[in-house]
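Welcome! Here are some short exercises to work through with the structure in view.

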Amino acid sequence: MSDAELPPAARGQAALLGPAEVRALAEEFGVRPTKQLGQNFVHDANTVRRIVATAGVGRDDTVLEVGPGLGSLTLALLDVVDRVVAVEIDPNLAARLPRTVADRAPELADRLTVVGADAMRVTPSEIPGEPTALVANLPYNVAVPVLLHLFSELPSLRTALVMVQAEVADRLAASPGSKIYGVPSVKANFFGSVRRAGAVGRAVFWPVPKVESGLVRIDRYAKPPWPVDDEHRRRVFAVIDAAFAQRRKTLRAALGGWAGSPANAERRLLEAGIAPSSRGETLDAAAFVRLASTHP
């Protein structure tokens with residue numbers, strides 16, 4: 001990477017949160033992490049700096065952060081980019097975040113917008129501007145649906161660097177033929193190229209989670225190799241869901257319900273250039289797109 005390609009250095013204008021500050025904030029405002037909302041707060045400054053650096057975001061990016069929690073990652077992002085839009089479902093945390101930023105990064109506070117909403121259902125009209133990058137510690141129990149929803153609804157998103165459960169990160173980045181390749185792998189690859197971007201230890205969270213964590217990166221295709229409009233995406237996702245609903249069956253059998261009968265499934269598979277005896281786990285996103293485009 002040349003000097004011109006290096007991400008911009010942090011301004012050094014944000015006082016990042018450490019373990020003591022995270023616990024003090026939580027106690028002061030009665031915030032109790034809930035399993036229902038998948039809340040585990042990062043309290044290690046080096047980790048949030050690494051996430052921001054790995055995201056490769058620059059001054060001109062508008063970063064969408066989901067689940068900012070107490071603001072650990074938000075502060076690190078504001079120290080690098082010019083605009084952060086944070087979507088927070090917890091009303092207590094959403095109300096507190098601007099004050100935290102004003103206290104710990106007063107010169108950067110006007111660069112933050114907080115949207116109190118459910119990221120699973122948030123619409124483009126609720127998001128100010130056009131976010132170019134998603135950088136987030138996603139709630140682990142809804143990470144994949146949130147990721148797919150945002151890539152579907154916000155075409156301005158060029159990249160995503162998200163922290164998720166390590167097992168989910170592996171599934172998202174899995175290649176065809178792998179035992180862990182499945183619905184999340186294909187659907188994420190529908191939007192762009194996907195790769196693992198590192199591991200994150202349990203000790204950097206409060207409370208300490210029971211699972212390992214990992215970073216995964218998605219780079220949206222600069223020139224999509226297939227239509228990505230809602231109607232086409234729904235048709236492709238329907239055949240993906242059908243193919244993996246009966247993972248052990250051949251596609252001829254597994255897609256019988258989707259196509260109307262096993263015979264129709266075989267005809268459409270052959271039209272798409274796919275062996276009827278193959279299984280969903282062997283097909284890449286392009287093959288599912290061809291299959292969805294065959295004549296009913």
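**Around helix α6**

What covers the buried residues of α6 includes α5 (143-153), β6 (159-165), α7 (183-191), β7 (192-200) and β9 (213-220). This is a predicted model, in which local features need pLDDT of at least 70, side-chain atom pairs count only at pLDDT 80 or more, and totals for chains, interfaces and linings use all residues. Residues are numbered from 1 along each chain as its sequence is written, and side-chain values use heavy atoms, with hydrogens and water left out.

**Exercise 1.** Find the buried residues of helix α6 (under 20% relative accessible area, 1.4 Å probe, protein chains only) and say how they are arranged.

*Solution.* Step one: in α6 (residues 166-173), Ala166, Val168, Ala169 and Leu172 are buried. Step two: look down the axis of α6; these residues fall within an arc of 160 degrees (taken from the directions from the helix axis to the C-beta atoms), so they line one face of the helix.

**Exercise 2.** Work out which strands lie at the edges of the open sheet.

*Solution.* Begin with the order of the seven strands, β4-β3-β2-β5-β6-β9-β7, whose pairing is mixed. Two strands pair if DSSP finds at least two bridges between them. Now look for strands that pair on one side only: these are the edge strands, β4 (112-116) and β7.

**Exercise 3.** Describe how β3 and β4 pair.

*Solution.* First, the sense: β3 (residues 83-88) runs parallel to β4, over five bridges. Next, pick out one pair: Val85 has Thr113 in β4 as its bridge partner.

Notes:
Buried means under 20% relative accessible area, exposed over 50%, partly exposed in between (1.4 Å probe, protein chains only). Helices (H or I, at least four residues) and strands (E, at least two) are DSSP runs, numbered from the N terminus. Contact means heavy atoms within 4.5 Å.
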